[in-house]
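The following paragraphs guide the reader through one protein structure, from selected local details to the overall architecture. Please keep the sequence and the coordinates in view while reading.

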Amino acid sequence: RNNIDMKDIAYCADVIRNGGLVCFPTETVYGLGASAFNSEAVKNIYKAKGRPADNPLIVHISDYKMLELVTDCDGEQRNVLNKLAEAFWPGPLTLISHRDDAVPAEVSCGLDTVGIRFPSHPIARALIEAAGVPIAAPSANLSGKPSPTRAEHVIEDMMGRVDVIIDGGNCDVGVESTVFDIAGTKMSVLRPGAVTLEQLLSVVNTADELDWMKPHMDSDEKPRSPGLKYRHYAPNATVNIYDGVRPNLSNYIIEEIKNAKRQGFSVGVLATDESICYYKEVDGVVLSLGSLEDSLQQASNLFHCLRRFDDMGVDMVFAEAVPKGGAGDAVMNRLYRAAGGKIVTVETARDSEGHIC
Ligand code: TXA
Ligand code: MG
């Protein structure tokens with residue numbers, strides 16, 4: 001990322017301009033890009049990923065002239081967009097604004113809005129700049145799989161399906177951008193990410209966050225965040241999430257693991273640096289997401305851990321919930337979706353005075 005060969009970038013930019021597909025690193029996850037102005041190329045993104053046709057794409061820009069080309073907004077929405085762009089771009093925030101007709105309907109699946117992001121990753125920026133067109137890009141995974149945070153993940157899912165894969169090393173953030181809708185009647189976080197609602201509220205006066213545990217429909221009964229209705233981010237293994245306080249939590253998980261082993265399943269544990277010691281005796285793949293206190297570290301490890309369980313042939317993953325706040329909401333959102341929408345709450349045993357025992 002710090003030693004970019006501009007000849008390679010020029011080659012990839014040509015591929016984009018000629019309607020091809022290029023996988024490239026961003027600070028969040030790898031993207032699978034095509035010219036946002038070429039509807040045939042955009043259709044090929046859906047094919048390469050096996051993506052449902054009603055899940056819109058994010059348009060990536062590298063300067064504010066491109067922003068003008070892809071959005072059609074003025075007045076208060078324009079004000080808000082400018083303020084948020086100034087505060088968080090380039091970076092892991094996608095803004096949903098009104099779509100300019102220059103962006104083909106295929107990008108947004110016919111919605112009158114468009115998701116826009118100005119990534120900070122130097123390779124992503126160099127590629128968009130050299131291509132001279134905004135790049136529409138979903139995450140570069142096969143639909144339903146965990147998003148790719150390393151080139152090896154992209155190679156695994158996309159080799160043979162795209163024209164070029166750029167190896168830019170590991171992505172820092174590790175979970176996809178925060179998606180923030182500024183085009184609706186109320187501004188709303190549709191997908192949590194590294195930029196938190198709290199941070200957004202330091203720039204805009206009011207906004208809320210969709211409760212991603214529930215389906216959310218607009219007035220026409222269409223989902224407000226189309227991407228949220230699909231089971232996602234899932235490894236081949238079944239994922240089970242447990243929430244509670246240690247040591248009860250770990251003891252409960254260990255009992256569940258014994259059950260699974262008795263039934264012949266191979267098991268994996270997704271623990272934290274603080275809890276991994278409880279699973280020393282487990283005969284399976286035990287991984288740490290990072291420190292309980294460092295949600296950014298958890299986010300950057302999450303998808304790699306999920307993919308490692310698959311590589312190691314794990315049938316069932318037992319994951320500890322992580323604390324909310326910071327990037328913790330994004331981590332829990334992705335884990336929850338990988339688990340198909342369920343969390344087991346482990347009751348905490350207390351003594352007669354209410355202390356955890
Ligand atoms: O960090 C990221 O955002 C990565 C990198 C490559 O930039 N991209 C990414 O794209 O995660 P994708 O396609 O995997 O997720 C896009 C999300 C989906 O949940 C989609 O429903 C939502 O953004 N989205 C896109 N356009 C939208 C729109 N016009 N209205 C509502 N939601 C939209
Ligand atoms: Mg995705």
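Where is the place of Cys109? Cys109 belongs to the loop that runs between α5 (105–108) and β5 (113–117). The structure under discussion is a predicted model, and the backbone geometry at this position deserves attention. The phi angle of Cys109 is near 55°, which is a positive value in a residue other than glycine. With a relative accessible area of 26%, Cys109 counts as partly exposed, because the partly exposed class begins where the buried class, under 20%, ends.

A second backbone feature concerns a peptide bond. Trp89 and Pro90 are joined by a cis peptide bond, for which omega is about -10°. As for its location, Pro90 is found in the loop between α4 (75–88) and β4 (93–98).

The overall description may now be taken up. The protein contains 11 helices and 15 strands. Its radius of gyration is 21 Å, close to the 21 Å given by the globule rule for 357 residues, so the protein is as compact as a globular protein of that length. Taken along the principal axes, the box filled by the C-alpha atoms is roughly 65 × 45 × 40 Å. Of the 357 residues, 54% are buried. The accessible surface amounts to about 15,500 Å², and carbon and sulfur atoms account for 47% of that area. As regards charge, there are 35 positive and 49 negative charges, and their mean positions lie 3 Å apart. Contacts across the sequence complete this overview: among those between residues at least 6 apart, 67% connect residues at least 24 apart.

How are the strands of the open sheet ordered? Ten strands take part, in the order β7-β1-β2-β6-β3-β5-β4-β8-β9-β10, and their pairing is mixed. The edges of this sheet are formed by β7 (164–165) and β10 (208–209), each of which pairs on one side only. At the β7 edge, strand β1 (residues 22–24) pairs with β7 in the parallel sense over two bridges. Within this pairing, Val22 has Val164 of β7 as its bridge partner.

Strand β6 (residues 135–137) of the same open sheet contains Ala136. Is Ala136 buried or exposed? Its relative accessibility is 0%, so Ala136 counts as buried. Beyond its neighbours within four places in sequence, Ala136 is in contact with a set of residues that includes Leu32, Gly33, Ala34 and Ala36, together with Val42, Ile45, Leu57, Ile58, Val59 and Val107. One of these contacts, with Leu32, spans 104 residues along the chain, while the C-alpha atoms of Ala136 and Leu32 are separated by 8.0 Å.

A further group of strands is centred here on β11 as the point of reference. Strand β11 (residues 238–243) pairs with strand β14 (residues 316–320) in the parallel sense, over five bridges. In this pairing, Val239 stands opposite Val317 of β14. Strand β11 also pairs in the parallel sense with strand β15 (residues 343–345), over three bridges. There, Asp243 has Thr345 of β15 as its bridge partner. As a general matter, the side chains of a regular strand alternate between the two faces of the sheet.

Terms used:
Residues numbered from 1 in each chain as written. Chains lettered and ligands numbered in written order. Predicted model: local features only at pLDDT ≥ 70, side-chain atom pairs only at ≥ 80, totals over all residues. Heavy atoms only, no water. Pairing = 2+ DSSP bridges. Helix = DSSP H or I, 4+ residues; strand = E, 2+ residues; numbered from the N terminus. Rg over C-alpha atoms; globule rule 2.2 N^0.38 Å. Buried < 20%, exposed > 50% of the residue type's maximum accessible area, 1.4 Å probe, protein only. Contact = heavy atoms within 4.5 Å. Areas by Shrake-Rupley, 256 points an atom, 1.4 Å probe, with all protein chains shown as cover. Lys, Arg positive; Asp, Glu negative; His and termini not counted. Charge placed at Lys NZ, Arg CZ, Asp CG, Glu CD.
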